[in-house]
Amino acid sequence: MTTDRLTDADRSFLFVLGSSRPEGNTEILARAAAEQLPAGIPQHWVDLAKDPLPDFQDGRHEDGTWPVGEREEELRRLTLEATDIVIASPLYWYTVSANTKRYLDYWSGWLGVPGLDFKERMAGRTLWGVTVMAEENEATADGMIASLNNTAAYLGMRFGGVLLGNGSRPGQVRGDERALTRAKTFFAHEAPLARFPGEEETGER
């Protein structure tokens, strides 16, 4: 994967749903944004709550190999097949949900799999975020945004930002006109290469 801008014909999206309830506000907003993608772009949707991963155990510095279950193998394959990965998680305690964090923790394990070259293969792909929160002050999502940005920066990915919405009760985000308007063009902009804070000033990478 290179950092060159891909054409629509080359792109494929993986939507990772991290809510603890089905058809929640974050999923509604993510699907509203996905509806704007060109018809030819493949979309794959994964609900982490329906078939959750077991707790991640870091065995990178231990002897032997960590057994890979079918769910992990499926998610690893889907992650590496996608050019664009969308983390769709409600804002729980000012960051991603537990299901989402567990999925990202598995990325740490995949970094150490011999021959997988996970970091090299993820470079140049694009990470996006979608979240709906009860708070109206969007600055409360800064921690989540920083976490996803820094994840993308570490892997040499692009970061498209986080689509923010407001809502708590089921379906409430449908009344957030600002969020639905943003959703119409969220995936249309070219995502820049992610950088850690301060890299823009120092020029380091």
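**Sheet, cores and salt bridges**

E27 counts as buried, since its relative accessibility of 13% falls under the limit of 20%. The model analysed here is predicted. Within it, E27 forms a salt bridge with R31, and the closest N and O atoms of this pair are 2.9 Å apart. Both residues belong to helix α1, where they are separated by four residues, about one turn of the helix. The partner differs in its setting: R31 is partly exposed, with a relative accessible area of 35%.

Helix α1, which comprises residues 25-34, lies across β1 (13-17), β2, β3 (84-88), β4 and β5, and it runs at about 135° to β4. Helix α3 (residues 98-111) also packs on the sheet; it touches β1, β3 and β4, and its direction makes about 145° with that of β3.

The sheet itself is open and has five strands, arranged in the order β2-β1-β3-β4-β5 with parallel pairing. Strands β2 (43-47) and β5 (158-166) occupy the edges; each has a single partner strand, so one side of each is left without a neighbour in the sheet. On average, and with direction ignored, neighbouring strands are turned by 15° against each other. At one edge, β5 runs parallel to β4 (residues 126-133), and seven bridges join the two strands. V132 has G165 of β5 as its bridge partner.

In soluble globular proteins, nonpolar side chains tend to be buried together. The largest nonpolar core of the model contains 34 residues, of which I85, I87, Y103, W107 and L127 touch the most other members. At least two residues of this core come from each of β1, α2 (70-81), β3, α3, α4 (118-122), β4, α5 (142-154) and β5. The greatest contribution is that of α3, which gives five residues. The surroundings of I87 illustrate the packing: when neighbours within four places in sequence are left aside, I87 is in contact with V16, V96, T100, Y103, L104, L127, W128, G129, V130 and L148. Another core, of 23 residues, lies apart from the largest one, and A30, A33, A179 and F186 are among its members.

In the whole structure, nine salt bridges are found. In addition to the pair in α1, salt bridges occur within two other helices. E81 forms one with R77, the closest N and O atoms lying 3.3 Å apart; both residues are in helix α2, with a spacing of four residues, about one turn of the helix. E81 is partly exposed at 46% relative accessibility, and R77 is partly exposed at 40%. In helix α3, D105 and K101 stand four residues apart, again about one turn of the helix, and form a salt bridge whose closest N and O atoms are 2.6 Å apart. D105 is partly exposed, with a relative accessible area of 24%, while K101 counts as partly exposed at 44%. A network of salt bridges links D51, R71 and E74.

Two residues in loops have a positive phi without being glycine. For E23, the value is about 55°; this residue lies in the loop between β1 and α1 and is exposed, with a relative accessible area of 62%. For Y94, phi is about 70°. Y94 is placed in the loop between β3 and α3, and at 42% relative accessibility it counts as partly exposed.

How values were computed
Residues numbered from 1 in each chain as written. Predicted model: local features only at pLDDT ≥ 70, side-chain atom pairs only at ≥ 80, totals over all residues. Heavy atoms only, no water. Pairing = 2+ DSSP bridges. Axes fitted to C-alpha atoms, helices over the stretch in contact; angles between N-to-C directions. Contact = heavy atoms within 4.5 Å. Core = buried A, V, L, I, M, F, W, Y, C linked by side-chain atoms within 4.5 Å. Buried < 20%, exposed > 50% of the residue type's maximum accessible area, 1.4 Å probe, protein only. Salt bridge = Lys/Arg side-chain N within 4 Å of Asp/Glu carboxyl O.
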